[in-house]
Every structure is written in C-alpha cells, then in structure tokens.
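Colleague: I would like a close look at the aromatic residues in this model, with enough of the surroundings to place them. Please start from the overall picture and then go into detail.

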Amino acid sequence: MARKKEPERALQNKARIMESARILFLQKGIEQTSMEDIAKKTGICKATLYTCYPNRDAIKNDISLEAMRYLYQIFTERTSADAEPERNFMAICSALLDFRDKYPLNFQMVVENICIDDAVLAEDQTLLEIFEIGEKINDHLLQIFETAYLGKSRAEMIELIFEMWGSIYGLILIADNKAEYIQKATGKSREAFLQNGFMQI
C-alpha cells in the first residue's frame, strides 16, 4: 500500500518545493537561494529535497516548464488564425499581462537565453520540453499572423515575432517600473498607459 502512495507523495513534495522556490527566487534571486533555503522554506529535510531534485537548476527548470505550458495554453485559447491580426495582437498583450501576474519570475526570464544545444537537450527531458513548447508558441504565432506576413520568409517572420515580443515585454516593464512617474507625468494609470502603448506598437 505504501508503494502506491509514493508517486503521489513525490508529486506533492515537488509541488511544495516548486512553490517555496518560486517565492525565494523572487525574494532573494535564483543565485542567492540555496537548496538549504528551499528545504527550510518547504518544511522538509534536505534528504527529501534531494530525493525530488538533484540541484537548484532542476527546480528552476520545472518551474519554467510549468510556466511555459501555461503561456502556450493561454495563447492558444485566446488567439485564432480566423481572427483579425489586431485582435490577436491585443489578446497576446492581455495574455502576457496575465502570465506576468501568475508567473512573475518566469516573466522576468522570458527574454533570457534558452538552451538550444542538441547534446544538452538530448540529456535533459525538462529542457527539451521547454524548448519544444517555445517552438510550438512560435509556430502558433506564425500561424495566426500568417496573413499579416504574406510574402515573408519563415526567418523574416520569426524576426518580426521577436520584435513584437520585445516591444510588448519592454512596455510592460516600463509600466511596472515607472508606474508612479507615469501617473504623475501623464495622469494615466498603469493600465491606461499599457492599453494606449499596445495600440501604438
């Protein structure tokens, strides 16, 4: 009977560890957070922690995978190849705001480097799945903006999508970091500033 419960218990422990790590990574930074910090925050012994995760990067990667799955889900739910490009664009902006609220740590990591080394990906199933979901997101964006990018090669379309990512991401960061100044200087709330900014991109 105990053996049947082990996988469920391991999943519960992993979920608790990920939640504790998310909080600590945001508070202290990933590099400043130790495995001991995570064990203490989770309320488990280090031996149990190491049974679930061999190191801090493995925890970070599981958090990133969960976040990427969520991002892909909301993109595919809120956008469609049948919708107008402008409507899809605003849906993407809204989805990224929701993603930032649900996964603030991973929103910060959106523009960081991702592993594309085939040898590393072949050895690490989690990194491989993160990469594959990223590719699925890009393919979905290419599909929904296909009519807007007529005559463009795939490489040109990918470049345009990355420019779009950068513009939206940068605008959200400015709105987050300069909310008080924007309110004082323009009289606009953060939300109004973002909506106006999204329409200008």
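How much surface does the protein chain expose, and what percentage of it do carbon and sulfur atoms supply? After that, which rings pair, and how are the planes of Phe75 and Trp165 arranged?

Modeller: The model is predicted, so every value below is computed from predicted coordinates. The exposed surface of the protein chain comes to about 12200 Å², and 51% of that is supplied by carbon and sulfur atoms. The chain has 201 residues, of which 38% are buried. It is built from eleven helices and has zero strands. Along the principal axes, its C-alpha trace spans about 55 × 45 × 30 Å. Among contacts with a separation of 6 or more, 61% join residues that are 24 or more positions apart.

Now the aromatic residues. Searching the whole structure gives five aromatic pairs. One of them is Phe75 with Trp165: the ring centres are 5.7 Å apart and the planes meet at 50°, so this pair is tilted. The angle is too wide for stacking, which has to be under 30 degrees, and too narrow for edge-to-face, which has to be over 60. Phe75 belongs to helix α4 (residues 56–78) and Trp165 to helix α9 (residues 154–177), so the contact ties together parts that are 90 residues apart in sequence. Both partners are covered: Phe75 is buried at 1% relative accessibility, and Trp165 is buried at 15%.

A further pair is Phe99 with Tyr103. Here the centres are 5.9 Å apart and the planes are at 40°, so this pair is tilted as well. Phe99 is buried at 1% relative accessibility, and Tyr103 is buried at 6%. These two rings join Tyr70 in one aromatic cluster. Tyr70 also has a charged neighbour, since Lys102 lies over the face of its ring at 5.4 Å from the ring centre. Elsewhere, Tyr53 has a comparable arrangement with Lys14, which lies over the face of that ring at 5.1 Å from the centre.

The helices that carry the Phe75 and Trp165 rings also take part in the nonpolar packing. The largest nonpolar core has 37 residues, and Ile92, Leu141, Ile168 and Phe198 have the most contacts inside it. The elements giving two or more residues to this core are α4, α5 (85–102), α8 (125–144), α9 and α11 (190–200). Of these, α9 gives the most, with nine residues. Ile168 shows how this core is put together: leaving aside residues up to four places away in sequence, it touches Phe89, Ile92, Cys93, Leu96, Phe198 and Ile201. One of those neighbours, Cys93, is buried with a relative accessible area of 1%.

There is also a second, separate core, made of 18 residues, and Ile17, Ile30, Leu49 and Met109 are among them.

As for sulfur, a search of the whole structure finds zero disulfides. For Cys45, the closest cysteine sulfur is that of Cys52, at 9.7 Å, so a bond is ruled out by distance. Cys45 is partly exposed, with a relative accessible area of 43%, whereas Cys93 is buried.

Cys52 comes up again on the side of helix α1. Asn13 lies in that helix, and, setting aside its neighbours within four places in sequence, is in contact with Thr48 and Cys52. Asn13 is buried, with a relative accessible area of 14%. Arg16 lies in α1 too, a helix that covers residues 2–28, but this residue is partly exposed at 38%. Beyond its neighbours up to four places away, Arg16 touches Thr42, Gly43 and Ile44. Between Arg16 and Gly43 the C-alpha to C-alpha distance is 9.1 Å, and they are 27 residues apart in sequence.

To return to the rings: the Phe75–Trp165 pair is tilted and joins α4 to α9, while Phe99 and Tyr103 form a tilted pair inside a cluster with Tyr70.

Technical notes
Residues numbered from 1 in each chain as written. Predicted model: local features only at pLDDT ≥ 70, side-chain atom pairs only at ≥ 80, totals over all residues. Heavy atoms only, no water. Phe/Tyr/Trp six-rings, centres within 6.5 Å; stacked < 30°, edge-to-face > 60°. Helix = DSSP H or I, 4+ residues; strand = E, 2+ residues; numbered from the N terminus. Buried < 20%, exposed > 50% of the residue type's maximum accessible area, 1.4 Å probe, protein only. Lys NZ or Arg CZ within 6 Å of the ring centre and 35° of its normal. Contact = heavy atoms within 4.5 Å. Core = buried A, V, L, I, M, F, W, Y, C linked by side-chain atoms within 4.5 Å. Disulfide = S-S within 2.5 Å. Areas by Shrake-Rupley, 256 points an atom, 1.4 Å probe, with all protein chains shown as cover.
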